[in-house]
Amino acid sequence: MKHPILFILTTLLFGTASAQVRIQIVGVNPKPTSRLSDWTINKNIFSVFATDASGLPETRVKFKVEIKDQSGAVIGSTNLATSPIFTIKSGTANIFSAGDVLALPAMQFTGSAKIALAKTGRLPGGNYELCIRAVNSIDFTPVSEIYCINFMVTSYQLPLLMFPANESEVEPVAAKTAIIFRWTPIVPTPTEAISYRLQVFEVMEKQTPLQAFRANQPLLDKEIKGVTQYVWQPQLDFSCCGDDDAKAKKETKQDSIEPDTDLNTWMKQGRAFIWTIQTIDAANNGFNNGVGDGRSEPFIFFVRKKKK
Amino acid sequence: MKKRNITLMLLFLFGYTALAQQEKVKKFSIGGGLGISYEHYGLTVSPSGGTFFMPRKPWNLVRFDFSPTMTFGKWSVPFNFNFSPMQTSFVTPPTAGKQNFWQFLTNPLNSFGLNPNYKWAEIQLGTQYLKYSELSTGDIGVFGAGVDLKPGKYRLKFFNGVSQRGINSSLTPFVIGAYQRNNWMAQIGMEREKEYEVSFNFARGHDKISSVSALPIGILPQEGFTISMVVNKYFKKGWYYKSEAAQSHYTSNLNTPLDSVGSVKSFKPFIDAHTSTQKDYAAQAAIGKKSANFDIGGRVKYLGAGFQTLGYPFLQPDRFDYTVDTRFNTWKKKINVSASVGRRINNLSNTTTRAKQFIANVNWFTQFNDRWNLNLNYNNFGFQSVGTINNPYGIKNVANDLSINPTYTYTNSKSTHLFSLNYSYSKYDELNPFTGNKTANNTHTVFFTYVPVYFSKSINPDFSIMYFYNKAPLISPPNTFFTTKLLTFSAGMTTPVLKRKGNIKAQLQYTRSKINTFTSDNNIIVVFGADWKLSKKLIWQLNATTNFFKYGNQLAPAYNNPRYWENTLRTGFNYRFK
């Protein structure tokens with residue numbers, strides 16, 4: 001060390017500066033949502049508790065945030081030139097939310113995290129370390145110790161519907177007795193208890209399937225736990241949907257006895273249904289996957305004689 | 001709002017003036033029809049207050065249908081007014097109290113569509129379900145106004161309106177609420193039918209934050225803009241090529257601050273980037289050949305993890321799939337075969353939880369002679385995800401379904417008798433993600449149908465019997481199963497009445513079901529239906545269904561003799577102008 005006096009002075013200066021503000025991260029959610037923008041509105045990600053130890057009435061600071069991936073590489077950090085200024089008042093509890101501290105518009109990401117965030121708004125699944133330090137709002141010199149927490153994010157894929165397949169046909173005779181619904185589980189398996197809510201909506205005449213989905217009361221609304229299958233006994237009138245070959249032959253020998261109405265045209269086509277699975281979390285809400293309410297992409301099926 | 005009103009007024013004026021001019025010189029005619037239907041639903045649960053069966057339809061539902069097509073010379077004005085004063089929505093929220101007129105018009109249950117058209121020009125007013133392309137917009141109903149112009153080979157479409165009504169949230173009664181979602185969509189392109197299509201599609205959706213005074217609970221205001229390009233080409237001898245590439249900007253929370261330095265830039269003037277804005281891509285392509293006796297085609301589809309279009313709000317992104325399918329007729333068209341095989345990779349963005357699906361299907365139909373035919377169907381569905389810390393063995397589900405369906409038809413000069421037998425076997429194997437053990441879930445289904453038809457008699461009966469057996473393993477305790485056995489008998493008949501001006505139908509169905517070792521459930525369904533041609537143009541219809549279900553002893557908590565009656569009565573009048 002060529003300049004021991006300078007070193008001592010610097011150490012003293014930063015030692016004093018570090019003591020100006022004490023920060024602590026509290027209420028840490030070890031498995032926050034992967035969608036970073038939700039951190040700004042979600043109060044249960046973490047909070048920063050700051051106290052002023054400078055002896056001054058208040059200290060104006062910025063928060064330098066760094067997010068590191070499991071290899072220790074910094075994937076995102078605060079651009080202090082554009083980040084907001086916070087006032088730490090003496091003699092009072094200063095609490096800031098994750099959204100305040102993170103200040104997303106001032107965060108700069110790099111590498112694959114930058115690409116993933118641009119495309120999906122989410123951090124890729126994995127383990128992370130988040131470190132925060134208060135710095136002077138003018139020259140960005142540190143005024144607190146670094147405080148770090150670990151967290152893990154998981155990207156989930158909602159269940160995919162399997163049977164009845166999209167736009168498939170179910171034989172009316174079979175449907176009178178039972179229709180089997182199957183779907184894939186949510187991936188990966190969450191640690192919290194989840195259940196599946198199976199909903200089946202009938203598409204009425206002159207409705208589109210999605211209109212029925214958005215506007216009708218479900219014929220079946222069943223919460224299912226632990227399995228990804230349900231045997232539904234519809235107990236519905238499917239006599240409309242036979243349109244069997246023998247009767248068709250008769251119609252060729254006789255005049256059609258059925259009035260030609262839109263309703264009959266529809267009935268000859270059978271009855272149409274739209275179904276989905278809503279994944280339900282432990283708090284009995286739709287599983288928050290960042291988008292939507294936990295409902296999977298719905299499928300349509302028809303109860304009618306299969307075309308051969 | 002002002003802009004929208006002016007657009008609407010101009011469209012109405014344009015339509016009215018043009019209609020008036022045509023009316024002077026051309027004849028007026030009206031086609032289509034109108035109708036009204038009423039459905040009553042009744043449910044009696046015994047013992048009273050039992051929660052083992054809940055009502056599954058609205059108690060009363062009235063629907064009006066007004067769908068005439070008026071023709072003034074070369075002008076055609078189809079109406080599609082199909083509406084109900086009730087609210088039955090479940091996935092989208094109903095209003096806390098009575099809906100106001102605007103909410104009534106934009107209720108997804110209702111359609112108020114009017115599409116006056118003249119030669120290549122169509123004005124679109126009211127509720128429209130418009131499909132512009134597979135990746136831009138096409139799934140949702142929008143209430144508003146627009147045009148669809150097809151001068152020669154050129155295509156120009158525009159529509160502006162509301163796809164979701166604004167609803168204030170409420171705690172009592174609990175209503176989650178919703179922002180009003182405004183959408184506009186546009187298409188510009190060129191098309192020659194059966195030759196080619198090139199078009200650019202634009203679709204934008206925007207939640208209007210000021211549309212509600214009580215903010216929706218847990219719902220964030222969103223915005224999205226999607227642009228896509230479609231190129232389709234049809235060649236000689238049935239060959240075709242179709243493709244679409246799309247880019248979406250999607251903001252998951254409009255309350256987040258604008259972001260001018262982030263990696264997602266604004267796409268002005270269509271969308272401003274917020275800190276919650278994401279941008280991603282999607283593409284699909286298909287190539288194949290269609291002919292009378294032979295089809296073959298291949299499709300690929302990629303949806304990026306962040307691809308989100310408000311024109312298809314339930315589209316599941318983050319996947320890549322490809323499919324090859326074929327169909328052919330042979331043996332003098334007595335054999336028809338259709339088959340497809342495909343693979344899908346889900347969660348592309350995250351290699352640690354990437355999942356793969358395999359889907360294969362083949363259907364083989366043979367008409368041996370006038371009497372015998374046989375249909376064989378085989379489906380395979382596989383799903384596999386890699387293991388993680390929580391589920392070290394990953395998830396693996398494989399379903400194999402085989403169905404055999406011979407049909408024999410005997411016909412003489414007086415009658416036809418159809419006998420149809422169907423046997424299906426479904427094997428569904430699952431890997432327990434925690435133990436690695438494989439479990440098998442097997443289903444057997446057999447049904448037999450007999451339909452005699454006597455040419456000289458007016459009554460047409462039909463009979464069927466079905467047996468269903470499912471054995472599904474339980475997660476715990478190990479080596480225990482959940483078995484379901486169902487046996488159904490069904491008989492029905494239809495006959496013309498009132499000098500063939502009407503028809504009546506009746507059906508009786510009995511099902512006995514047994515779950516594990518519990519005592520059996522019993523179910524009887526009686527259906528009666530009638531329709532009567534009151535005049536050449538007016539038809540009355542009636543359908544009444546009674547469903548009685550008596551449980552065995554499987555309910556927990558136990559009830560004393562649990563059962564329910566469910567009654568549905570539906571009636572309506574349909575009038576056709578021609």
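The questions and answers below deal with how terms apply to this predicted model.

The model is predicted, and local features need pLDDT of at least 70, side-chain atom pairs count only at pLDDT 80 or more, while totals for chains, interfaces and linings use all residues. Residues are numbered from 1 along each chain as its sequence is written, and chains are lettered from A and ligands numbered from 1 in the order in which they are written.

Q: Why does B:E195 count as exposed or buried?
A: A residue is buried if 20 or more other C-beta atoms, placed from the backbone, lie within 10 Å of its own, exposed if 12 or fewer, and partly exposed in between. B:E195 has 11 C-beta neighbours inside 10 Å and therefore counts as exposed. Its place is in the loop between β9 (180-192) and β10 (196-208) of chain B, where strands (E, at least two residues) and helices (H or I, at least four) are DSSP runs numbered from the N terminus.

Q: What share of the residues of chain B count as buried?
A: Of its 578 residues, 31% count as buried.

Q: What makes a set of residues a nonpolar core, and which residues have the most contacts inside the largest one?
A: Such a core consists of buried Ala, Val, Leu, Ile, Met, Phe, Trp, Tyr and Cys residues joined through C-beta atoms within 7 Å. The largest has 57 residues, and those with the most contacts inside it are A:M162, A:F181, A:A212, A:F273 and A:I274. A second, separate core of 32 residues includes A:V101, A:F109, A:L117 and A:L130.

Q: Which residues does A:M162 touch, not counting residues up to four places away in sequence?
A: With contact taken as C-beta atoms, placed from the backbone, within 7 Å, A:M162 touches A:R182, A:W183, A:T184, B:F381 and B:A399.

Q: How many residues of chain A are in contact with chain B?
A: In chain A, 75 residues are in contact with 103 residues of chain B. The largest share of the side of chain A that touches chain B, six residues, comes from α6(A).

Q: What makes β10(A) and β12(A) a pair?
A: Two strands pair if DSSP finds at least two bridges between them. β10(A) and β12(A) pair in the antiparallel sense over two bridges, and the bridge partner of A:F163 is A:R182 in β12(A).

Q: Which strands are the edge strands of the open sheet β10-β12-β15 of chain A?
A: The three strands stand in that order with antiparallel pairing, and β10 (161-163) and β15 are the edge strands, because each pairs on one side only.

Note on methods
Contact = placed C-beta atoms within 7 Å.
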